[in-house]
Amino acid sequence: MLLIQTVYGQKSLLALDEHDKYIYYQVVSQPGASADSLDKKALGFVKESLPKSSVKTTGDTTIILKDRFVTYSVLAFAKHESGEIKFTLTIECKNDKYRYWLTDFVFIPYEKNRYGVFVPSNGVEIPIEKSSSHVDKKEAEGYLDQTGAFCKQLGDQLKSYMLADHPTNKKTEQQPVVKKVVTDKW
C-alpha cells in the first residue's frame, strides 16, 4: 500500500508553470556560500553527473543544459524501454542560495527496428503535457510519474553535491626537483 502511494505521489512533484508546461522547481539556501563557489560546484556537478549533455553558460552564474533519460513501459508484463524524455535543466546561483528547475519535457517513443532493438522513432516528439492525447492514459501517467521520480533523484544528487566539499582545483603531487649542473657558469 505504501509503495503504491509513493509511485502515485511522484506526479505531484511536477507543477505547471505560466506557459502551461510541467516544471520541477526548487530554491535551496546555502548560508555562507558565494555565488562563484556555488557556480563552480554546479558546473562540476554537470560535468561529473551528466557528461554527455550539451552545456551552455549564460551570464556569470547561470548554467543551462539539455539532456534525456529513458522511460520504461508501465503496461507490459516484461519491463522494456518505451521511449526517452528530453529535458532542460537550468541552475542559477546567487550569494547564499541557488535555484534549479527542470522543464521542456518532450517524449520520444521507441519502436523496434528490424533487429529487434528499441530505437527512437524518427520525427516523433510529443510534449509531455500533450502525451495523453497520443498514448494510452495510463502510459501517460506512468511517464509523468517516471519524470517526477527522475527530477527528484537528480535534484537530490545536485543538493548533496553542492553541500559536499569539492576542491575547485585538483592539486597535483609535486615531483622532486632534479638538480641540474650548469657548466657554462661558475
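**Aromatic pairs, nonpolar core and positive-phi residues**

In this predicted model, phenylalanine 107 has a relative accessibility of 1% and therefore counts as buried, the limit for that class being under 20%. Tyrosine 143 is likewise classed as buried because its relative accessible area is 2%, again under 20%.

The structure contains 7 aromatic pairs. In one of them, tyrosine 24 and tyrosine 100 adopt a tilted arrangement, with 6.4 Å centre to centre and 45° between the planes. This pair connects distant parts of the chain, since tyrosine 24 belongs to strand S2 (residues 22-29) and tyrosine 100 to strand S6 (residues 97-112), 76 residues apart. Tyrosine 24 and tyrosine 100 are both buried. Phenylalanine 107 and tyrosine 143 form a stacked aromatic pair, in which the centres are 4.4 Å apart and the angle between the planes is 25°. Here too distant parts of the chain are linked: phenylalanine 107 lies in strand S6 and tyrosine 143 in helix H3 (residues 137-163), 36 residues apart. In addition, a single aromatic cluster is formed by Phe69, Phe87 and Phe150.

The largest nonpolar core comprises 35 residues, and those with the most contacts inside it are Leu89, Ile91, Tyr100, Leu102 and Phe105. Two or more residues are given to this core by each of S2, helix H2 (35-49), strand S4 (62-72), S5, S6 and H3. Helix H3 supplies the largest share of the core, with 9 residues. Beyond residues up to four places away in sequence, phenylalanine 105 touches Leu14, Tyr22, Ile23, Ile85, Lys86, Phe87, Pro127, Ile128, Glu129, Thr147 and Cys151. Among these contacts of phenylalanine 105 is Phe87, which is also a member of the aromatic cluster with Phe69 and Phe150.

Backbone geometry was examined next. Most residues other than glycine have a negative phi. Aspartate 20, by contrast, has a positive phi near 60°. Aspartate 20 is located in the loop between strand S1 (15-16) and S2. With a relative accessible area of 56%, aspartate 20 is classed as exposed, because the value is over 50%. A positive phi, near 70°, is also found at aspartate 96, which lies in the loop between strand S5 (81-94) and S6. The relative accessible area of aspartate 96 is 38%, so this residue is partly exposed, falling between the limits of 20% and 50%.

Notes. Residues numbered from 1 in each chain as written. Predicted model: local features only at pLDDT ≥ 70, side-chain atom pairs only at ≥ 80, totals over all residues. Heavy atoms only, no water. Phe/Tyr/Trp six-rings, centres within 6.5 Å; stacked < 30°, edge-to-face > 60°. Helix = DSSP H or I, 4+ residues; strand = E, 2+ residues; numbered from the N terminus. Buried < 20%, exposed > 50% of the residue type's maximum accessible area, 1.4 Å probe, protein only. Core = buried A, V, L, I, M, F, W, Y, C linked by side-chain atoms within 4.5 Å. Contact = heavy atoms within 4.5 Å.
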